[in-house]
Amino acid sequence: MNIEIGKFAGFCDGVKHAVEQSFYHAAKTSDTIYVDGNLIHNPQTLDLLKKSGVETLTDSEDMSILSGKTVIVRAHGVSPERREQLKSHASNIINLTCKYVSRAQGIVKKYSNNGYRIIIIGNSKHPEIIGVVGFASKDNTFVISKEEDINLLPEHSQKTLVIAQTTLEKSTFDRLVSLLQEKYNTKDIRVKNTICNATEIRQKEVVDIANRNDVVLIIGGFESSNTKNLYKIASSIKPSFYIEFKEDLEKIDLSIYNNIGIMAGASTPDWVIKEIANEIESKYSI
Ligand code: SF4
C-alpha cells in the first residue's frame, strides 16, 4: 500500500497568517482575546487556541463581553456594519481578513457605488459572503449558488458585476456565469473571478491525486467550504472519504486499496495530516 499526500494539502497563506497572528497576540497578554466567530473550521486548532487564551465570540453571545478586550476579525472578514459593532464594544481590533477576501470586498464596494447590480456566486449563509454583501447596496445585491437561483433574479438586464466566493469550485462559477450571460445582455455583465489562488491550486491538485490513486482521503473540518469542495471533486473521480479526526479511520476500510491519495482543506493543520497518515501506516502495517 502506498500513500501520496498532496503538496498543497493543508493551510493556505490566509489561514496560516490568521492562526500564527492569533497565537502571537495571545502570547503577548494574559488577558482573553476574542475572535469574532471560529477562527478556522478546524476543531483541533480551536482547542489549542482556547488553551492559549483565544476564545470564540459566538453569534448568540452578548457583545458587552468584549468590553476592554481585543477582538480578532478572522480571515473570512466582516461587513462594515459588523466592524462598527465590534469597534463600539472592544478596545482593540486586530484585522486578519485574508487579502483575497479584502480584494472581493473592495471590488464589490467599488462596483456597487458605481450603480452596478451585484451577483455573488456562493453560499449566502457563509460568513465570508455575509461580510462581502455588507459592502454593497442591499436592494441590488443577490447571492446565488445553483442554476435554479437564476430564475429568482430580476428579469431586466442592467450593468452587473458577478464575483465568486473565494473557495467556490471553479466549474460551478464558470457554469453559472455562462447562464447569467445567456439571461442578460452579455455586454452588461462584468465578471471578476475572485476565487483565491489557494483554492484553485488545491482543486487542481485533488484531480491529479484522484487520477493517480485508487481512493482519496479528504481531511478537514466538516464546516469548511473549501474542504467540502475538494471532497466533491475527488468523489466524482474515485471512491473518497471525508474525515475530520484520526478516530474517523475506524469507520472506513482501506485494506482493499493499493494507492491512497490524501488531500486536505486550507484550514487543516499539517500535524493533523501527518497524524492521520501515521495512523494509516500503523493500522495497515505499511
Ligand atoms: S482559502 Fe483563500 S481566501 Fe480563504 S483564507 Fe485561504 S487564501 Fe484566503
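Which elements do the buried residues of α2 pack against? They pack against α1 (13-27), β3 (54-57) and α10. The model is predicted: local features need pLDDT of at least 70, side-chain atom pairs count only at pLDDT 80 or more, and totals for chains, interfaces and linings use all residues. Residues are numbered from 1 along each chain as its sequence is written, and side-chain values use heavy atoms, leaving out hydrogens and water.

**View 1. The two faces of helix α2 (residues 43-51).** Q44, T45 and L49 are buried (under 20% relative accessible area, 1.4 Å probe, protein chains only; exposed is over 50%). These residues lie on the same side of α2 because they cover an arc of only 135° around the axis, taken from the directions from the helix axis to the C-beta atoms. K50 and K51 are exposed, on the face turned away from the buried side. G53 follows α2, with a positive phi near 95°. Helices (H or I, at least four residues) and strands (E, at least two) are DSSP runs, numbered from the N terminus.

**View 2. The loop residue S267.** S267 sits between β12 (259-264) and α10 (270-283). Its relative accessibility is 5%, so S267 counts as buried. Leaving aside residues up to four places away in sequence, S267 touches F11, V15, I40, H41, N42, S224 and N226. Contact means heavy atoms within 4.5 Å.

**View 3. An open sheet of four strands.** The order is β1-β12-β10-β11, with parallel pairing; two strands pair if DSSP finds at least two bridges between them. β1 (2-5) and β11 (240-243) are the edge strands. Four bridges join β10 (residues 215-219) to β11. I218 stands opposite Y242 in β11.
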